[in-house]
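Good morning, everyone, and thank you for making the time. I would like to walk you through a structure that may be new to you, so please have a look at it before I begin.

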Amino acid sequence: MAEETATEKKTNPIIPFLRIPEKYPDDAAYLWGMQCGSCKAKFLGARLACGKCGETDKLSEIKFGDEGEIYVFSVVHQTVPGLEVPYVGAIIDLDDGVSVRANVYGLDPLKPDASWFGKRVKMFTEVTAQDREGNDVVAAKFKVL
Ligand SMILES: [Zn+2]
């Protein structure tokens, strides 16, 4: 027999390395990845082997912090239908030593400035869409500190 939970609405991450806790949004979503126990290299998301030293047995899951700085950015003026432009897309170096591609809010995309390089940012998440089954889809974004 079908359980009631089979039709329960879920909250799913838009990217596989974003973890949505059971009590989201009371508990904050976070980026996660793997760390190599041999060489200490860190990677976003799941890994079967260390990309730096090749280790396969000593990878363990780690939770990344939500702050970092803009490494490089681009102002996007054209994109797929349904997304508002212009916006600021960036590669963000997290303080934990990995980089993530995300949109940054709190900057005027019509006035890009070299001072944005290295600017401190903090991650936040929000429901940005519903999938075909009606589940909420949560995206990770960054805002200027
Ligand atoms: Zn390694």
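I will start with the overall picture and then turn to one strand and its partners.

Please keep in mind that this is a predicted model. The protein has 10 strands and 0 helices, so that reading from the N terminus the elements run β-β-β-β-β-β-β-β-β-β. Along its principal axes, the C-alpha trace spans about 55 × 40 × 25 Å, and of the 145 residues in the protein, 20% are buried. If we take the contacts between residues at least 6 apart in sequence, 46% of them join residues that are at least 24 apart.

Now to strand β3, which covers residues 30-36. How many of its 7 residues are buried? The count is 5, and β3 is therefore largely enclosed by the rest of the structure.

Let me go through the strands that pair with β3, beginning with β2, residues 18-19, which runs antiparallel to β3 and is joined to it by 2 bridges; here L18 has L31 of β3 as its bridge partner. Strand β4, residues 42-44, is also antiparallel to β3, with 3 bridges between them, and in this pairing Q35 stands opposite K42. The hairpin of β3 and β4 has 5 residues between the strands, and K40 takes a positive phi near 70 degrees there.

Finally, strand β5, residues 59-63, pairs with β3 over 5 bridges, again in the antiparallel sense, and the bridge partner of C36 in β5 is L59.

Definitions and conventions. Residues numbered from 1 in each chain as written. Predicted model: local features only at pLDDT ≥ 70, side-chain atom pairs only at ≥ 80, totals over all residues. Helix = DSSP H or I, 4+ residues; strand = E, 2+ residues; numbered from the N terminus. Buried ≥ 20, exposed ≤ 12 C-beta atoms within 10 Å, placed from the backbone. Contact = placed C-beta atoms within 7 Å. Pairing = 2+ DSSP bridges.
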